[in-house]
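Thank you all for coming; I would like to take a few minutes to walk through one model and some of its local features. Please have a look at the sequence and the structure before I begin.

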Amino acid sequence: MGKKKGGKRMNKKQVSEALQRFFQESPDTTFSFKQIFKSLKLDTHPLKMLAIDIMEEMAWDDFLTKVTESSYKLNTKTQLQEGTFRRKANGKNSFIPNDGSQPVFVAERNSLWALDGDKVQVAYMARRQKHIKEAMVTAILKRARETFVGKLRVDKDFAVLVTAENIFVHDIIIPKKKLKGGKSGDKAVVKITQWPDAEHKNLVGEVVDVLGEQGDNNVEMNAILAQYGLPYKYPKNVEEAANKIPAEITEADIAEREDFRDVYTCTIDPKDAKDFDDALSVRQLDNGLWEVGVHIADVSHYVKEGSIIDKEAMKRATSIYLVDRTIPMLPERLCNFICSLRPNEEKLAYSVIFELDEDANIKRWHLAHTVIKSNHRFAYEEVQAVLEGKDSAPLTPEGEPCSEEEKVLLKQLDKLAKKLREARFKNGAVKFDREELHFDIDETGKPIRCYFKVSKDANKLIEEFMLLANRTVAESIGKVKKGLKPKTLPYRIHDQPDPQKLETLRGFVVKFGYKMKTAGTKGAISKSLNALMDECQGKKEQKLIETVALRAMMKAKYSVHNIGHYGLAFDYYTHFTSPIRRYPDTMVHRLLTKYQQGGRSANKDHYEDLCEHCSDQELIAQNAERDSIKYKMVEFMGEFVGEEFDAHISGIQSYGIYCEIDENHCEGMVSMRDLDGDYYDFDEKNYCLVGRRHHHKYQLGDPIRIKVARANVEKRQLDFVLADK
């Protein structure tokens, strides 16, 4: 190694790199000069002297530890760290340390062929001042994924899997006898059987499932699920176990529950919903107070802890809502039939019963296992028509018009919900009414219309009572007298915004003439945020300000360590109201039942592990849902290639601008190379691109005219170009 190919001597940089690699490959070994010179083939006096000088510098850098006058070892105290590897298609890989410190660059040659999301150990490389901090992967601790999804390409002698993610340096090779009948062009799920090492650079795998032909709607939706390691089939043995559960409610069940079958009760859900988690009952009591019951499907009565159904639900942790289908957490017999609070059927529920005055103040409340019978299954649109006093009032399941008495009760629930909402915002809750992109699809799964769904009073009515129930049961466990320890409960927690990001937001909105507080109490900051949201309402910069404000927010998650919920301004908050589709709610039901029966506090560490798993699964499900929306959006826009639309700039990156079409809210990208003849610099602070020569500026929120250039469903990519001026 002392001499390079072609006879040139190694220079300082090359000796330095060779030494780094040498020590990092044996992090726990002490080496003498003699061993080092021999291993690196440093066979001349000048090279040996150069190496000794470099090692001296590396010891100053804390990269090496000097053991004796003539021996060194790697300084593992400051050099070795664990975290997550992030692979980028452009080679700009990074290492995210577990301790939350700044990401560190990892060059491809130092990646040890780690893949995106792998848990790794790295050694920091020696660096002189002003050099970028770099890390080298020394061990892969845990693979993020073992299976990958892609398109098969079958050649004469072997086959490969081509993935859309483009995150591999090499293709995945599949021996022909491991194809499981897959043909060229098929989408398939492949499991890795051999990871890369020093001898073999390629990944080798075997087909575990052939999904079918690319482009088929079912195949594409299943491919999105498989890509995230999410289930796309329900295990037969779990479904069989669910089929054995008796649906009948016995006299013994009724005897030990509060009976609400004669109290007016209804469900309000999206028009295509099949699983009804929650129902509301309402009646006026003799004392003039309003009794509102928040009745939640009693899943834990049917799904016993540790059962085969429970284990599957725990693994999934959540139902997944793709554009055209739901992948349920529970078997269909439970989620759509036995547990679902269907109209005119007796159902078992776990209920929070409130007594409220006209201003929605809680005078009394209690938690009870109940039996209910829903009188009416409403869609949001039907209740909205009642609240707006429209003639298109809904019909009962029997086809009868909605009674006047029923309309009065719905309007009363709305009135109470509005009081609850008002109090919540007064208390410092943050106002974020985000619109959601939705599609109407035909029977083949093809998108035929694309629109934003806006939350109206009917949606907010349900939301407020669910928030009230979640908050109340969380308080009942978490709020204890001074000196007492609260019992274990999974909370839904939401941390305060990142101060640095808030400062960026403040600096950004000033340019539009808005003021914002970033210091002071939690309440003062959220009030200032709300004032900002109100002020920019209806202005061209509204969406842009909302986007930047959302980026400053932390992500909500589950934990047994309660820090409150910043966004809702609740000191105690949990998830109790959707056990059919979320596992944490089932955990909460079980613990509340246990504590009601006088049980001791549950194991905190066990429940924290479950909370972490549920938070992770929720994120993965959201990514899959987003990908299914992206896929349908690109498929929908495929019909409009070559057509022009009015749009606005919805995102700015160093590689181009994202534009959202005004008419249908589909988003695509104009690449930097397709921007008019200038070189553009990315101004990250001000979310804009600025031309060097003509100083033309592309700013978030600006109106723009685009032409649809390409719609690549395989990559879920929509490309725009600027329309001719």
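I will go through strands, then a helix, then aromatic rings, and end with cysteines and two single residues.

Please keep in mind throughout that what you have in front of you is a predicted model.

Let me begin with the strands towards the start of the chain. Three of them form an open sheet in the order β1-β3-β2, and the pairing in that sheet is antiparallel. The edge strands are β1, residues 31-32, and β2, residues 64-68, each of which pairs on one side only. Between β2 and β3, the latter being residues 71-74, there are four bridges in the antiparallel sense, and in that ladder T65 has K73 of β3 as its bridge partner.

A little further along comes strand β7, residues 119-124. How many of its six residues are buried? Five are, so β7 is largely enclosed by the rest of the structure. Strand β4, residues 80-86, runs antiparallel to β7 and is joined to it by five bridges, with E82 having Q121 of β7 as its bridge partner. β7 also pairs with strand β8, residues 135-142, again in the antiparallel sense, over six bridges, and there V122 stands opposite V137 of β8. As a general reminder for anyone looking at side chains here, in a regular strand they alternate between the two faces of the sheet.

Next, the helix I would like to dwell on is α5, residues 217-227, which is mostly covered, in that 10 of its 11 residues are buried. The buried set includes charged and polar names as well as others, among them N217, E220, N222 and Q227, alongside V219, M221, I224 and L225. What do these buried residues pack against? Their partners are the strands β9 (147-154), β12 (186-194), β13 (203-213), β18 (320-322) and β19 (325-327), together with the helix α18 (604-637). At the start of α5, a side-chain oxygen of D216 reaches to within 3.1 Å of the backbone nitrogen of N218, and just after the helix, G229 takes a positive phi of about 70 degrees.

I turn now to the aromatic rings, for which the count comes to 11 aromatic pairs. One of them joins F508 and F512, whose ring centres are 5.4 Å apart with 75 degrees between the planes, an edge-to-face arrangement. F508 is buried, with a relative accessible area of 0%, whereas F512, at 26% relative accessibility, counts as partly exposed. A second pair is that of F570 and Y573, where the centres are 5.7 Å apart and the planes lie at 40 degrees, so the pair is tilted; both F570 and Y573 are buried. F570 has a further partner, since the charged end of R471 sits over its ring, 5.2 Å from the centre. K431 likewise lies over the face of F425, at 5.3 Å from the ring centre. Ring pairs also link F22, F23 and F31 into a cluster.

Now for the cysteines. How many disulfides does the model contain? The count comes to zero. For C402, the closest cysteine sulfur is that of C266, and at 9.0 Å it is too far for a bond, given that a disulfide needs the two sulfur atoms within 2.5 Å. C611 is in no disulfide either, with the nearest cysteine sulfur, that of C614, 6.6 Å away. As for their surroundings, C402 counts as buried at 5% relative accessibility, and C611 is buried too, with a relative accessible area of 1%.

Finally, here are the two single residues. Is D262 buried or exposed? At 80% relative accessibility, D262 counts as exposed, and it lies in the loop between β14 (258-259) and β15 (265-269). The C-alpha atom of D262 is separated by 9.4 Å from that of N375, although the two residues are 113 residues apart along the chain. T472, by contrast, is found in helix α13, residues 457-478, and counts as buried at 4% relative accessibility. Leaving aside its neighbours within four places in sequence, T472 is in contact with F354, I362 and W365.

That is where I will stop, and I am happy to go back to any of these places on the screen.

Terms used: Residues numbered from 1 in each chain as written. Heavy atoms only, no water. Buried < 20%, exposed > 50% of the residue type's maximum accessible area, 1.4 Å probe, protein only. Phe/Tyr/Trp six-rings, centres within 6.5 Å; stacked < 30°, edge-to-face > 60°. Lys NZ or Arg CZ within 6 Å of the ring centre and 35° of its normal. Helix = DSSP H or I, 4+ residues; strand = E, 2+ residues; numbered from the N terminus. Contact = heavy atoms within 4.5 Å. Polar contact = N/O pair within 3.5 Å; in protein donor to acceptor, adjacent residues only side chain to side chain. Pairing = 2+ DSSP bridges.
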